[in-house]
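I set aside a quiet hour for this chain and kept notes as I went. Here they are, in the order I took them.

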Amino acid sequence: MSSLFSTSLMSSFPEDLEISGYCKELLFFFKQRYVTFVDCLILAARPVKVCQNCSSSYSRLQDIYRNISDQVGPGNESCRDSLLSSDRLMVVYQLYSNLQDLWTSSNCEKCINNRSHSLTNDTLNFLSTLNQTLTCFEKYQLGNHTELCKSCKKMYGDVNKLYGRMEKNDTMCIDLEDAMNMTRRLWSKNFNCSLPRDETVPVLAVSSFMLFLPVIFYLSSFLHSEQKKRKLIHPNRARSYTRLMNIQDKQS
């Protein structure tokens, strides 16, 4: 039994190897805020509302991590080395980095005001337009889908155009991308509606022109050759007519 206990890890090390009370407190706050943010992410996973619901909890996690990595406590004590890089695993650093990568890939900064953590005006405008479209879907979805396609066509077209402008201006985050993808799926697959894009008309015009281009080419070549034939025939006819007139004059 004594040999068994001797091989167990001791519950504590000498004080000079332990982290200070100040660093333990920071670690405790990091744990709390980390769990809060992860809980928020899970609840906002489907449909995706990560940027809308979890911005404030991510900001609080950022604050405590900055306190660990950059700030000093009483007596100019820093917890950076003891909490972030004192061992090969670097648990705190790795956990935070993974969540930071997830937040960065969501592009939430494009939809959220950094200081107030509120949605930007462009985001609010898009969500309002999208909600109007979804309300129209709900109104007609139990009836004839043909009526839905007709009645909701303008609103659906408006939200598509707005989405396109935001994509072009690079003001799109994961929440809006996911919401638009689901709306398009409803429109095309669930309701079997269609919406011709603005570029359809010019594309058809160009395609039609290219289709008839060989016909136009051969027709113009034919007309051009006929014109050449006329030019070649006219002088001969003129000379023949002149010769005939001369003969008639001599006989007379």
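The entries below go from the overall fold to the ring pairs, the disulfides and one serine.

**Entry 1: the whole chain**

I kept in mind throughout that this is a predicted model. I began with the secondary structure and found 10 helices and zero strands in the chain. Read from the N terminus, the order of elements is α-α-α-α-α-α-α-α-α-α.

Next I looked up burial. Of the 252 residues in the chain, 26% are buried. The exposed surface of the chain comes to about 18,000 Å², and carbon and sulfur atoms supply 56% of that area.

I also checked how far contacts reach along the sequence. Among contacts in the chain with a separation of 6 or more, 67% are between residues 24 or more positions apart.

**Entry 2: aromatic pairs**

How many aromatic pairs does a search of the whole structure find? The search gives 12. I picked out Y58 and W103, whose ring centres are 4.6 Å apart; their planes meet at 20°, so I noted the pair as stacked, the cut-off being under 30 degrees. Y58 sits in helix α3 and W103 in helix α5 (residues 91–105), so this pair ties together parts of the chain 45 residues apart in sequence. Y58 has a relative accessible area of 4% and is buried. W103 is buried as well, at 9%.

Then I turned to Y156 and W187, another stacked pair, with 4.2 Å from centre to centre and 10° between the planes. Here Y156 belongs to helix α8 (residues 153–168) and W187 to helix α9 (residues 174–190), and the pair links distant parts of the chain, 31 residues apart. I checked burial here too: both Y156 and W187 are buried.

One more note on rings: F30, Y34, Y65 and Y96 are linked into a cluster by ring pairs.

**Entry 3: disulfides**

I counted the disulfides next and got six. I wrote up three of them, starting with C51 and C108.

The sulfur atoms of C51 and C108 are 1.9 Å apart, and the two residues form a disulfide. The angle about its S-S bond is -80°, and the link is left-handed. C51 is in helix α3, while C108 is in the loop between α5 and α6 (121–140); the pair links distant parts of the chain, 57 residues apart. Both cysteines, C51 and C108, are buried.

C136 and C152 came next, joined by a disulfide with an S to S distance of 2.0 Å. Which hand does the disulfide of C136 and C152 have? The torsion about the S-S bond is about -95°, so this disulfide is left-handed. C136 is in helix α6 and C152 is in the loop between α7 (145–151) and α8, so the pair ties together parts 16 residues apart in sequence. I found C136 buried, with a relative accessible area of 6%. C152 is buried too, at 0% relative accessibility.

My last disulfide was that of C149 and C193, with sulfur atoms 1.8 Å apart. The link of C149 and C193 is left-handed, with -80° about the S-S bond. It connects distant parts of the chain, with C149 in helix α7 and C193 in the loop between α9 and α10 (200–251), 44 residues apart. Is C149 buried or exposed? C149 is buried, because its relative accessible area of 16% falls under the 20% cut-off. C193, at 7% relative accessibility, also counts as buried.

To finish the entry I wrote down the connectivity. With the bonded cysteines of the chain numbered in sequence order, the pairing reads 1-5, 2-4, 3-6, 7-11, 8-10, 9-12.

**Entry 4: a serine in α3**

Helix α3 had already come up with Y58 and with C51, and I went back to it for S69. This serine lies in helix α3, which covers residues 50–69. I looked up its exposure: S69 is buried, with a relative accessible area of 10%. Which residues does S69 touch, not counting those up to four places away in sequence? I found R80 and L84.

Note on methods:
Residues numbered from 1 in each chain as written. Predicted model: local features only at pLDDT ≥ 70, side-chain atom pairs only at ≥ 80, totals over all residues. Heavy atoms only, no water. Helix = DSSP H or I, 4+ residues; strand = E, 2+ residues; numbered from the N terminus. Buried < 20%, exposed > 50% of the residue type's maximum accessible area, 1.4 Å probe, protein only. Contact = heavy atoms within 4.5 Å. Areas by Shrake-Rupley, 256 points an atom, 1.4 Å probe, with all protein chains shown as cover. Phe/Tyr/Trp six-rings, centres within 6.5 Å; stacked < 30°, edge-to-face > 60°. Disulfide = S-S within 2.5 Å.
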